[in-house]
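This explanation examines how helices pack against one another and where enclosed space remains between them. Please keep the sequence and the structure in view while reading.

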Amino acid sequence: MSFKSLLAARLALAALALPMIGPVAAHATEQKQSQTSPLVSTEWLEANLAAPKLRIVEVSVEPGVYERGHVPGAQNVLWHTDLVETVSRDIAGPEKFAALIRRLGIDRDTTVILYGDNNNWFAAWGAWVFAQYGLVDNVKLLDGGRKKWEAEKRQLDTRSPDVAASTFPVTPVSNGQRARLADVLAVARKERNETILDIRSPDEFSGKLIAPAGVQELAIRAGHIPGSVNVPWAKAVNPDGTLKSVAELKKLYADVGIDGSKPIITSCRIGERSSHSWFVLSRVLGYPVRNYDGSWTEYGNAVGVPVVNLAGTVWSGK
């Protein structure tokens, strides 16, 4: 049986059997959990590949990984072109975002599963961009991402699916999930009682490294924003790529004084790693969080801002 025939058969079964997004009866408990959780398991997704109100979207870091094989039915989104304005440094504007979402066949009532490589690093960034346009509770991450799906030897496909375009409207950007340079400066200058969580590596945070080896986006100053605390983003992830338990996550952040009692701003280098921590803190733990996508490449290049540089590294022009 071809994939297209199999997909049609499973779609018919799902439509007859279940009212929501159609898992088999054995997965009824997990189906109920998926409606409220920001995460879905690989088992749940495999059981729901043919659900009519489901869209699967891959947002990976490495170019070409989607083409080599992806979750059946998944569509590909390129983070560096589809989700941003390619001239100005900004997320995709209302017209561009609406065009993308229509192409993906997503409506307000569609359940969207995002996943990707590198422990869902850019998939979480995709979720943050989606949130700017009101797609929040119906957007979920595949817990474990590509890493877990492949490790479990689940089916991969190399074909791009055909989906019917949606009529998603052009929607104004909501900045409730986003912090700007002025917001961060107000915290650094102790004009606001908020916490800045820097999720870069300890060497970046201390100023020993201006940026990880091999990256192109640089700042001309090293260090971190005054008053910020450091929890590298990947500490929230288990070896298999899944997120740690809620109890473990709460302790991880509580150890640096973050418990959800006051607003948090996540920051990294260009705003992508920090969006992973934004997802964990806001969607999984329910804390009040904004992501600073300008991050260190904006802050470390800004004139006259206060900087803490524990290592004393000085930019040499190379």
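In this predicted model, helices α5 and α10 meet through an extensive list of residues. From α5 come Asn119, Asn120, Trp121, Ala124, Trp125, Ala127, Trp128 and Ala131, and these meet Arg273, Ser275, His276, Trp278 and Phe279 of α10. By class, this contact comprises 8 nonpolar, 4 polar and 1 charged residues.

Two packed helices are described by the angle between their axes and the distance between the axes. For α5 and α10, the axes come within 7 Å and cross at roughly 70 degrees. Angles of 65 to 115 degrees count as roughly perpendicular, and α5 and α10 are therefore roughly perpendicular to each other.

Helix α10, residues 273-284, also packs against α9, residues 246-254; here the axes come within 11 Å and cross at roughly 115 degrees. The crossing of α9 past α10 is left-handed. On the α9 side, Val246, Leu249 and Tyr253 take part, and they meet Ser277, Val280, Leu281 and Val284 of α10. This contact has 6 nonpolar residues, 1 polar residue and no charged ones.

Where does enclosed space remain? Searching the whole structure gives 2 cavities of 30 Å³ or more, and the largest cavity holds about 50 Å³ of space. Its lining is formed by Leu39, Asn119, Asn120, Leu141, Leu142, Asp143, Gly241, Leu243 and His276. At least two of these residues come from α5 (117-131), and at least two from β7 (139-142). The lining of the largest cavity contains 4 nonpolar, 4 polar and 1 charged residues. Asn119, Asn120 and His276 belong both to this lining and to the contact of α5 with α10.

Conventions:
Residues numbered from 1 in each chain as written. Predicted model: local features only at pLDDT ≥ 70, side-chain atom pairs only at ≥ 80, totals over all residues. Heavy atoms only, no water. 1 Å grid on protein atoms, 1.4 Å probe; cavity = no way out; pocket = protein on both sides within 12 Å on 5 of 7 lines; lining within 4 Å. Points joined across faces, edges and corners; volume = space filled by probe spheres on them. Helix = DSSP H or I, 4+ residues; strand = E, 2+ residues; numbered from the N terminus. Nonpolar A, V, L, I, M, F, W, Y, C, P; charged D, E, K, R; others polar. Axes fitted to C-alpha atoms, helices over the stretch in contact; angles between N-to-C directions. Left-handed = near helix turned anticlockwise from the far one by under 90°. Contact = heavy atoms within 4.5 Å. Parallel < 35°, antiparallel > 145°, perpendicular 65-115°, else oblique.
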